[in-house]
Amino acid sequence: MSHRTRTIATSLLAAALSATLAAALAAPAGAAPGGRSAVEPTNAGFSGLDGWTVTGDASAATTEAGGRTGDRLTHWSDAPYEVTTSQRLGRLGTGWWTASAWVKSGGLDSSTLSLTCAGGTSGTVTLPQSLQDDAWVRVAVSAKSRGGDCTLAVATADDAGGAWASVDDVAVERGRVTRDVRGGDLSGLAKNEDHGATYADVDGTPGDAVEILADHGMNLGRLKVWVDPADGYNDVAHVVATARRIQAAGMDVMVDFHYSDRWTDPGAQGVPAAWAGTGVEEMTDLLGAHTREVMTALVDAGVDVAYAQVGNEINPGMLWPYGQTWDVDPGDGVDGAQWDALAGFLTAGHDAVKAVSPSTQTILHLTNINNGIDSLTWWFDEVTARDVPFDVVGLSYYGYWHGSLADLQGAVSTLSARYDRDVMVVETAYPFTLEDDDPAWENVIASEDQLVDGYPATPEGQAAAFRAVQDTVAAAPGGRGLGAVYWEPAWTAVEGNGWDPEDPASGNAWENQAMFDHDGRLLGPVAAELAAD
């Protein structure tokens, strides 16, 4: 079976399991062991500790008001402590079961939720920190039962004192939660290598960055494509060459069409120079032809494209001003939003992808979750009202810019339910240091006050932040969060590969957020998170 065939089979199985889990959420607990679709833990809302067993430093576990729907379980002590609050669920039927809870916490990697089944498997999820806004986030973890006793547990271990966790609304249902996508955007790798970048595994063994990341569990590589870039990179030839490496390493491929000669984002959606001066109709044709050219080159090279983004962070539209969603420049002669033109661009991109590779899933990619869910539903309501076809909602989420994990989880759940689509975070990252590398160029995130509360700029903080995003997406109510793609994990600092394709003297403002350190060695903590299921 080919890698792509396995991926499709896995996706179908995941969809079936998600449907099973969704049904379980709505179904009452069954009567017979082995036939139950859900199990109601005793005292799941923590009105006291009846039904729960506390081991370790028992004084550190208590129940109190202020829960999500009533009272809550809280672990806390101002001195070093270890405590576990657990409940034996009894014999669960054979198969996968998922335990979930709504949580808050403070303390890096200090608290966990676990489900353990005798004779089967166990699963553990680390509670994400909620210091940013003190909002509840759902976490979920799965274990496979072979008919033996299963135990649900909340545990906290704190060597210094002061770490805390609050838990409420625990549930156990049939099904399995998975992190299907653990990806990385490798767009800058080819240029980095050509300018002298080298890479090594965690133990210092030199190697190919693609293979190193794949060996540690990365399962998707994302590549942006520009129309006529000034530096000659991120063009068709380089995208095809790197995509072949990604696929050869066993990973899926995602193509990110910018429809520009350089970066596109909410502040820039420039028309390619070769398309300038054309009208909307001709520009739509050019967009479709460019999309077909890239997709055909990939398919002819033997690359099976799993996902294709039709545009990049297109909240304000694309191909300004012709496809703008608001009047970006009041003096440019194109007034107001141009939703019909944008719908035509997006449809042409989707149709071109499908004409070459029908199995490729198309993505529409937005950002700025921090502006509120209405800023996202406003956009998708407009394009769906115009029958724009697409398969997946893509989001950018950088915790230091885009709100809290609760905001992210709410967006995933709302968008998946409202538009009946899976949702993927196609960009995320976090710094492992605030130190600049040589050649120096001020980093995008360069000071303590820019960081997310509770997540330090250390290798451990980077890994914890990335895992928190993955877990938040995977556990979003509705079960349609696919996973997360880390942005430019291999963009280390080398002379000549800066942010501006038109200026070789520009520098790298991102290397402190790569997964490789300043010596090009893969960071152990984030490597371990890639490997986690």
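**View 1. Surroundings of Ala268 in the predicted model.** In this predicted model, Ala268 is partly exposed, because its relative accessible area of 28% falls between the limits of 20% for buried and 50% for exposed residues. The residue belongs to the loop that lies between β16 (252-257) and α5 (280-300). When neighbours within four places in sequence are set aside, Ala268 is in contact with Trp263 and Trp320. Ile314 can be shown in the same frame, since 46 residues separate Ala268 and Ile314 in sequence while their C-alpha atoms are 9.4 Å apart in space.

**View 2. The open sheet of five strands.** The strands of this sheet follow the order β2-β5-β10-β7-β8, and their pairing is antiparallel. At the edges are β2 (53-56) and β8 (122-126), each of which pairs on one side only. On average, and with direction ignored, neighbouring strands of the sheet are turned by 20° against each other.

**View 3. The pairing of β7 with β8.** Strand β7 (residues 111-117) runs antiparallel to β8 and is joined to this strand by five bridges. Within the pair, Leu115 stands opposite Gly123 of β8.

**View 4. Strand β4 and its pairing with β3 and β11.** Strand β3 (residues 61-65) pairs with strand β4 (residues 71-76) in the antiparallel sense, over five bridges, and Ala65 is found opposite Asp71 of β4. Five residues lie between the two strands of this hairpin, in which Gly66 takes a positive phi near 100°. Strand β4 also pairs in the antiparallel sense with strand β11 (residues 164-174), here over four bridges, and His75 stands opposite Ala165 of β11.

Conventions
Residues numbered from 1 in each chain as written. Predicted model: local features only at pLDDT ≥ 70, side-chain atom pairs only at ≥ 80, totals over all residues. Heavy atoms only, no water. Pairing = 2+ DSSP bridges. Axes fitted to C-alpha atoms, helices over the stretch in contact; angles between N-to-C directions. Buried < 20%, exposed > 50% of the residue type's maximum accessible area, 1.4 Å probe, protein only. Contact = heavy atoms within 4.5 Å.
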